[in-house]
Amino acid sequence: MESKDLFRVLAAGMALALAGGSLAGQEKGKGEVLAEAVRVGKEYAHQAGMMGVEVGQAESFTVILPESLKKIMPKVVVAVDSYHSAALKGVGSKAGNFWPKRPVLVAFLEKAQFASYVRRVEKRSFDSSERGSVVVGDEQPAIGLLLDNPMRSVSGHPGLEVQVGEVVARAVFQQAAGAKNQLPAWLAEAFGKATSFQAHNQSMRGYLGEIRRNAQLFAKTQKEAPWDPTIQGSKALAAQAGFAYWIAYGPRAGKMAILVKQFAPGENQERVEMAEAMQKAQLDGSDLAGIWQGWVAGWR
């Protein structure tokens, strides 16, 4: 072999070795990220008093369920991926570097454990009415969720996968809005429900149909707009979900991606109210409520 050919062979071998080492380093890095998320998730569960756990790895989330729900973990992981992907599209973001660290989600069957999670992990007071808690930002993104009758299949009742998926969508929305920016209490929840219509499957037809019917009934019987801060009740929640769907995935798709960025307060301002955010996003026309009502009447 001539010296030039020998040099080419050696150079190619060195390049392959370096590439292999680089790939191995990347894989090791990914493995370390997954292992750290598992460690954090298990620690959060243990602090809350849930010792027997099942771990699932979605594309962007590490999921911790009670050990008794082991059989349905694969369905939950699929739901997390589906909702996460849809929610990113709804807020106009891409996976990339969206999360500063791999998020963890810890779901509970017992209210006492969820309360302990809030107190010991998040270190705040527990409100007995809350069922889900989302913490986003530059540190460790985390979700705590109290599951509501996860094995029920009653029409109109969200199954376990839906409950998990919607809180994942809610976390995506809050991260996109900015961790330090205050949102209207209903908006992230409405976005989560709206995302169910993007990530739906046949088992969710009853649940989604109930939301549509309530939203349509609200539009027929209420004078208020779905973004009115005074409305409440199941029909109001459905109307808010319908509004969120309308501007995130429906005829006005793309507006939610603009709206979610409008909650950063200006100088000497504590928070941005919904009306101001909508104005900035050009969602403040006097006929907006009427246009939404016309659309929701035929929502299918």
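Hi everyone, let's start with the inside of this protein: buried residues make up 49% of its 300 residues. Buried here means under 20% relative accessible area, exposed means over 50%, and partly exposed is in between, using a 1.4 Å probe and protein chains only.

A quick word on where this comes from. This is a predicted model, where local features need pLDDT of at least 70 and side-chain atom pairs count only at pLDDT 80 or more, while totals for chains, interfaces and linings use all residues. Residues are numbered from 1 along each chain as its sequence is written, and side-chain values use heavy atoms, with hydrogens and water left out.

Now the overall picture. The protein has 10 helices and 5 strands; these are DSSP runs numbered from the N terminus, with helices being H or I of at least four residues and strands E of at least two. Take the contacts, meaning heavy atoms within 4.5 Å, between residues at least 6 apart in sequence: 62% of them join residues at least 24 apart. On the outside, the protein exposes about 15700 Å², and carbon and sulfur atoms supply 51% of that. Those areas come from the Shrake-Rupley method with a 1.4 Å probe, and for residues only the protein chains shown count as cover.

On to the sheet. It is an open sheet of 5 strands in the order 1-2-3-5-4, with mixed pairing; two strands pair if DSSP finds at least two bridges between them. Which strands stand at the edges? Strand 1 (53-57) and strand 4 (132-135) do, each with a single partner strand, so one side of each has no neighbour in the sheet. Neighbouring strands are turned by 15° against each other on average, direction ignored.

Let's zoom in on one pair. Strand 3 (residues 104-108) and strand 5 (residues 142-146) pair in the parallel sense over 5 bridges, and leucine 105 stands opposite isoleucine 143 in strand 5. Helix 4 (residues 160-177) lies across strands 3, 4 and 5, and runs at about 145° to strand 5. For that angle, axes are lines fitted to C-alpha atoms, for helices over the stretch in contact, and angles run from 0 to 180 degrees between N-to-C directions.

Finally, two loop residues. Asparagine 268 sits in the loop between helix 8 (255-259) and helix 9 (274-280). Asparagine 268 is not a glycine, yet has a positive phi of about 60°, and at 80% relative accessibility it counts as exposed. Glutamine 282, in the loop between helix 9 and helix 10 (288-297), also has a positive phi of about 60° without being a glycine. Glutamine 282 is exposed too, at 62% relative accessible area.
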